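Trainee: I would like to work through this fold with you, going from the strands to the helices and then to a single residue. Could we take it one question at a time?

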Amino acid sequence: MPWTVIVKREFQAAHFLTDYHGAPEPLHGHTWKVEVYIRADSLDAGGMGFDFVEIDRFLKEILPDYTLLNDIFDFSPSAENVARWLYHKVKEKYPTVQKVVIWETQHCGAEYWE
């Protein structure tokens, strides 16, 4: 029986979309919220699939906190593209990642899975 381990984290970052089809988008920032879902097929002796603290520490290391996303990514930093980027970064360390959800605001976000 599999379990899903879920870790949520926030980071602060600014961005603007390139090649946007509407009016030019000004530089603006968000408190981005991240949800990472990782499948655990078994539990260790302590009853855990993955250590929440370890996953959270990993996310803290890789999330671009207090950054202009356009300066670090070679793609337009939409929620969809950031979700895909994060999914692949998490997959490098946690191959059983199921999906990543990115929230730009309380009401608007995107999820990515393969």
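Trainee: How many residues lie between β4 and β5 in the hairpin that they form?

Mentor: Bear in mind throughout that this is a predicted model. Strand β4 covers residues 97–103 and β5 covers 109–112, and the two pair in the antiparallel sense over four bridges. Among their bridge partners, V100 is matched with Y112 in β5, and W103 is matched with G109. The hairpin that β4 and β5 form has between its strands five residues.

Trainee: Which pattern does the chain follow when it is read along the sequence?

Mentor: The chain holds three helices and five strands, and its C-alpha trace spans about 55 × 25 × 25 Å along the principal axes. Read along the sequence, these elements follow the pattern β-β-α-β-α-α-β-β.

Trainee: In what order do the five strands stand in the open sheet?

Mentor: It helps to begin with the pairs: β1 and β2 are antiparallel over 13 bridges, with W3 opposite A40 in β2. Strand β2 also pairs with β4, in the antiparallel sense and over six bridges, where Y37 stands opposite K99 and E35 has V101 as its bridge partner. The pairing in the sheet as a whole is mixed, and the order of its five strands is β3-β1-β2-β4-β5.

Trainee: Given that order, which strands stand at the edges?

Mentor: In the order β3-β1-β2-β4-β5, the question is which strands have a single partner. Each edge strand has just one partner strand, so one side of each is left without a neighbour in the sheet, and these strands are β3 (67–68) and β5 (109–112).

Trainee: Where do the helices sit on the sheet, and at what angle to β4 does α3 run?

Mentor: Helix α1 packs on the sheet, where it touches β1 (3–15) and β2 (28–40), and its direction makes about 25° with that of β1. Helix α3, for its part, lies across β2, β4 and β5, and its angle to β4 is about 145°.

Trainee: What is the relation of α1 to α3: parallel, antiparallel, perpendicular or oblique?

Mentor: Helix α1 (residues 52–62) and helix α3 (residues 79–93) pack with their axes 11 Å apart and at an angle of about 130°. Since angles over 145 degrees would count as roughly antiparallel and 65 to 115 as roughly perpendicular, the angle of about 130° makes the relation of α1 to α3 oblique.

Trainee: How many nonpolar, polar and charged residues does the contact of α1 with α3 have?

Mentor: On the α1 side the residues are E54, F58, L59 and I62, and they meet W85, L86, K89, V90 and K93 in α3. By class, the contact of α1 with α3 comes to six nonpolar, no polar and three charged residues.

Trainee: Turning to T67, which backbone oxygen does its side chain reach?

Mentor: T67 lies in strand β3, and, leaving aside its neighbours within four places in sequence, T67 is in contact with Q12, A13, A14 and I72. By contrast, the C-alpha atoms of T67 and K99, 32 residues apart along the chain, are separated by 24 Å. The side chain of T67 makes its reach at 3.0 Å, to the backbone oxygen of D65.

Note on methods. Residues are numbered from 1 along each chain as its sequence is written. This is a predicted model: local features need pLDDT of at least 70, side-chain atom pairs count only at pLDDT 80 or more; totals for chains, interfaces and linings use all residues. Side-chain values use heavy atoms; hydrogens and water are left out. Axes are lines fitted to C-alpha atoms, for helices over the stretch in contact, and angles run from 0 to 180 degrees between N-to-C directions. Angles under 35 degrees count as roughly parallel, over 145 as roughly antiparallel, 65 to 115 as roughly perpendicular and the rest as oblique. Contact means heavy atoms within 4.5 Å. Ala, Val, Leu, Ile, Met, Phe, Trp, Tyr, Cys and Pro count as nonpolar, Asp, Glu, Lys and Arg as charged, and the others, Gly among them, as polar. Two strands pair if DSSP finds at least two bridges between them. A polar contact is a pair of N or O atoms within 3.5 Å; within protein, one must be able to donate a hydrogen and the other to accept it, and residues adjacent in sequence count only if both atoms are side-chain atoms.
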